[in-house]
Amino acid sequence: MIRTHYSTQITPEMDGSSVTICGWAHEIRDLGGITFLIVRDREGLAQVTLFKKTIDKNVLDIVRGLSRESVVAVTGQVKKEAKAPNGYELVPMSVTVLGKAESPLPMDTTGKVDADLDTRLDVRFMDMRRPGTKAIFRIRHLVLKSVREFLDREGFIEIITPKIVATATEGGTALFPMTYFEREAFLNQSPQLFKQLMMSGGFDRVFEIGPIFRAEEHDTRKHLNEAISIDTEASFLDHEDVMVILENLIVYVYSNVAERGTEYLKTLGMELKIPDLPFKRITYDEAVDIVRDSGEQIEWGDDLTTESEHTIGKTIGEHYFIVDWPTKIKPFYALPYENKPEICRAFDLMHPRMELSSGAQRVHSYELLRSRIEEQGLYADGFDFYLKAFRYGMPPHSGWGLGLERLIMTMLGIENIREVVLFPRDRRRLSP
RNA sequence: GUCCGGAUAGUGUAGCGGCCUAUCAUGAGGGCCUGUCGAGCCCCCGACCCGGGUUCAAAUCCCGGUCCGGACGCCA
């Protein structure tokens, strides 16, 4: 390929050597006798300096005729220069236009003029060129990488389960229907049932990072119709055990981002505070008390409202778990306590701003599971493919699902979940 | 889905009955300038979401639509 270096790989010590950089014409500053071309590539900016007196006329004409955001390859000599950003500049031998940009641009990439999120999402390819947006997605990559590293070390095996499914699975959320040849099918809301099958399959510990689809018509800054879920399931562990794995994962991810993502955090102008272990555990009953103390009405057995979540979040002030939920507001696969079946071994992991994850020890008895499905008003025969796995040796197991976008947005203090998804899908947006 | 707010050059905004031939920034086009780094200076270009109504007069007020933002609900 033509590129020899990224902008950040060039140092003043390389003075005199010849390099080729490839990138976008970020800015062209023509001062008359001297012209600066700022080339931006994935990693940063490089200054190309053209002295009118000594530069090849053709090269100068190309640079002067360049439109902002055109793609160029610049071959030139590195010159150590204290006056230049990064301590070096490039004196070009040749400048080639590889992709001309039209003008005017649909949005500004230099940070001089803001753009609404809606405008930015319409031209996400151009929004990606801004340092702040780029930083978010570089961090997103670090998060995904850290999750895989951590879970791999904990003995989890990565799996991928189908997204096109035959039946509405867990109840609760609405599903997107679709046509599968001559049959009706749905986009899966969660890998829950499949990862449980893997427990019967003897994989012991599995995880999946993949899309989940929810057909809810919600319209908020923390919901998406297509999101990425980090899902785990582990045999021979109870809900307490997988909560420990979850909180350790969160801290591992934060630490990794703080350590390897310093540059991106700096771009976003933030300092990352790594949460302390262990996270606080409060019971659902205690959560209800906090809500009642604040004056909000809540019945035992109600799910927490947004207001309640905020109240509790403010009271606790850091990551926390809510445990021992009423059985009736948790899915059928959450295991009720033997001695007190109205509550179950389910937990939610909360950030002060919102819920990040929910999990539970699962029902692994075939008979109990079947009756739980029916109690929740679902049709057990529709779960045949799932229930079968509980009849031939299913170990006790537990697991959780963690929303990747919520993890990132709460970590980075980002207000709108759409900021952390390249091409978000919400009630209105289907393109790009 | 309910409630509240909004829609003005490519982008982000000011104006909220007549002072609007619509503000400012950025940008585009032209010019000057040898150290810019959000370069500077001069000239110039470009906009009131759609439909109806009120009024002597509407960007501005009213009604409907569309789109956008926020809160809540649903949901994770």
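The legends below describe close-up views of a predicted model.

**View 1. Residues that UniProt lists as a binding site, seen against the largest pocket of the predicted model.** An unreviewed UniProt entry lists Glu170, Arg214, Ser358 and Arg362 under "binding site", and in the model the lining of the largest pocket takes in Glu170, Arg214, Ser358 and Arg362 from this set.

**View 2. Surroundings of Ser358 in strand β15.** Ser358 lies within strand β15, which covers residues 354-361. Its relative accessibility is 31%, and Ser358 therefore counts as partly exposed, the class between under 20% for buried and over 50% for exposed. When neighbours within four places in sequence are set aside, the contacts of Ser358 are with Lys330, Phe347, Asp348, Trp400 and Gly401.

**View 3. A further set of residues that UniProt places under "binding site".** This feature, again from an unreviewed entry, is placed by UniProt at Arg214, Ala215, Glu216, Lys222, His223, Leu224, Glu355, Gly403, Leu404, Glu405 and Arg406. Of these residues, Arg214, Glu216, Lys222, His223, Leu224, Glu355, Gly403, Leu404, Glu405 and Arg406 are included in the lining of the largest pocket.

**View 4. Arg214 in the loop between β10 and β11.** The loop that holds Arg214 runs between β10 (205-213) and β11 (226-235), and Arg214, at 27% relative accessibility, counts as partly exposed. Leaving out residues within four places in sequence, Arg214 makes contact with Thr173, Ala174, Phe176, Gln189, Ser190 and Asn225. UniProt lists Arg214 in the "binding site" set that also holds Glu170, Ser358 and Arg362, and Arg214 appears as well in the set that includes Ala215 and Glu216.

**View 5. Leu404 in helix α12.** Leu404 belongs to helix α12, which spans residues 404-412, and with a relative accessible area of 0% this residue is buried. Residues up to four places away in sequence not being counted, Leu404 touches Arg140, Val143, Leu144, Ile228 and Ile230. Leu404 is also among the "binding site" residues that are included in the lining of the largest pocket.

**View 6. An open sheet of three strands, in the order β7-β9-β8.** The strands of this sheet pair in the antiparallel sense. Because β7 (164-165) and β8 (177-180) stand at the edges and have a single partner strand each, one side of each is left without a neighbour in the sheet. The antiparallel pairing of β7 with strand β9 (residues 183-187) extends over two bridges, and Val165 stands opposite Phe186 in β9.

Technical notes
Residues numbered from 1 in each chain as written. Chains lettered and ligands numbered in written order. Predicted model: local features only at pLDDT ≥ 70, side-chain atom pairs only at ≥ 80, totals over all residues. Heavy atoms only, no water. UniProt positions renumbered as here; feature names shortened; annotations may be inferred. 1 Å grid on protein atoms, 1.4 Å probe; cavity = no way out; pocket = protein on both sides within 12 Å on 5 of 7 lines; lining within 4 Å. Helix = DSSP H or I, 4+ residues; strand = E, 2+ residues; numbered from the N terminus. Buried < 20%, exposed > 50% of the residue type's maximum accessible area, 1.4 Å probe, protein only. Contact = heavy atoms within 4.5 Å. Pairing = 2+ DSSP bridges.
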